[in-house]
Amino acid sequence: MSLLQINGVDLPTPSDYNIGVQDITMTQRNANGTTLIERIATKKKISITYKVLSGSTLSQILTAVSSIYYDLTYLDPLTNTYVTGSFYNGDRDMGMITFIDNNPMYKDLSFEFVER
């Protein structure tokens with residue numbers, strides 16, 4: 001199994017893989033000035049970067065994340081096991097390194113998977 005799968009399809013291993021744990025909260029202060037926090041949910045945000053990619057590999061990744069929502073299987077550091085959840089992604093940014101003989105090479109594809 002690869003580090004990341006979308007709908008059961010392996011993705012190439014990214015150059016950088018960072019997981020954030022986000023608490024979704026409702027916060028207010030009471031009449032005494034004490035902060036009251038209600039945790040509504042805890043969600044994961046996974047940031048990835050690919051340093052160098054061929055045009056065909058870039059296309060594979062961009063196609064895999066083209067749906068609004070998808071099942072992402074990832075290595076969760078909290079449990080040290082693979083977990084599957086419903087995710088969407090943010091903007092995808094990349095640059096082109098070179099274009100030789102109709103073969104593009106790309107650099108620094110980066111985006112975030114955000115748990116739904």
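Which residues does Arg92 touch, not counting residues up to four places away in sequence? In this predicted model, the list is Leu62, Val65, Leu109, Ser110 and Phe111. Arg92 itself is found in the loop between E6 and E7. Its relative accessible area is 36%, so Arg92 is partly exposed. The side chain of Arg92 also reaches back to the chain: the backbone oxygen of Gly90 lies at 2.9 Å from it. Ile37 is far along the sequence from Arg92, with the two positions 55 residues apart, and their C-alpha atoms are separated by 33 Å.

Strand E6 holds Asn89. Asn89 has a relative accessibility of 12% and therefore counts as buried. Its side chain makes a polar contact of 2.8 Å with the side chain of Tyr70. Tyr70 also appears among the contacts of Asn89 beyond four places in sequence. The others in that set are Val65, Ser67, Phe111, Glu112 and Phe113. Val65 and Phe111 are touched by Arg92 and are in contact with Asn89.

Tyr70, Phe111 and Phe113 form a cluster linked by ring pairs. Each of these three aromatic residues is in contact with Asn89. Phe113 has a further role in the packing. The largest nonpolar core comprises 19 residues, and Phe113 is among those with the most contacts inside it, together with Leu4 and Leu72. Several elements give two or more residues to this core: strands E1 (4-6), E4 (35-54), E5 (70-76) and E8 (103-115), and helix H1 (55-64).

The aromatic pairs number 4. One of them joins Tyr69 and Tyr88, whose ring centres are 6.4 Å apart; the planes meet at 85 degrees, so the arrangement is edge-to-face. This pair bridges distant parts of the chain. Tyr69 sits in the loop between H1 and E5, whereas Tyr88 belongs to strand E6 (residues 81-89), and the two are 19 residues apart. Tyr69 counts as partly exposed because its relative accessibility is 42%. Tyr88, with a relative accessible area of 33%, is likewise partly exposed.

A second edge-to-face pair is formed by Tyr74 and Phe87. Here the centres are 5.5 Å apart, with 80 degrees between the planes. Tyr74 lies in strand E5 and Phe87 in strand E6, 13 residues apart, and this pair too links distant parts of the chain. Tyr74 and Phe87 are both buried. The ring of Tyr69 has another partner. Arg116 lies over its face, at 3.6 Å from the ring centre.

Strand E5 also contains Asp76. With a relative accessibility of 4%, Asp76 counts as buried, since the limit is under 20%. The Asp76 side chain reaches the backbone nitrogen of Leu78 at 2.9 Å. Beyond four places in sequence, Asp76 touches Lys44, Thr81 and Val83.

Strands E7 (residues 93-100) and E8 run antiparallel and are joined by 6 bridges. Within this pairing, Met96 stands opposite Tyr106 of E8. The hairpin of E7 and E8 has 2 residues between the strands. In this hairpin, Asp101 takes a positive phi near 50 degrees.

Another part of the model is represented by Met26, in strand E3 (residues 16-29). Met26 has a relative accessible area of 47%, so this residue is partly exposed. Its contacts, leaving aside neighbours within four places in sequence, are Leu36, Ile37, Glu38 and Ile40. The C-alpha atoms of Met26 and Asn89 are separated by 24 Å, and the two residues are 63 residues apart along the chain. Ile37, a contact of Met26, is the residue whose C-alpha atom is separated by 33 Å from that of Arg92.

Terms used
Residues numbered from 1 in each chain as written. Predicted model: local features only at pLDDT ≥ 70, side-chain atom pairs only at ≥ 80, totals over all residues. Heavy atoms only, no water. Core = buried A, V, L, I, M, F, W, Y, C linked by side-chain atoms within 4.5 Å. Buried < 20%, exposed > 50% of the residue type's maximum accessible area, 1.4 Å probe, protein only. Helix = DSSP H or I, 4+ residues; strand = E, 2+ residues; numbered from the N terminus. Pairing = 2+ DSSP bridges. Phe/Tyr/Trp six-rings, centres within 6.5 Å; stacked < 30°, edge-to-face > 60°. Lys NZ or Arg CZ within 6 Å of the ring centre and 35° of its normal. Polar contact = N/O pair within 3.5 Å; in protein donor to acceptor, adjacent residues only side chain to side chain. Contact = heavy atoms within 4.5 Å.
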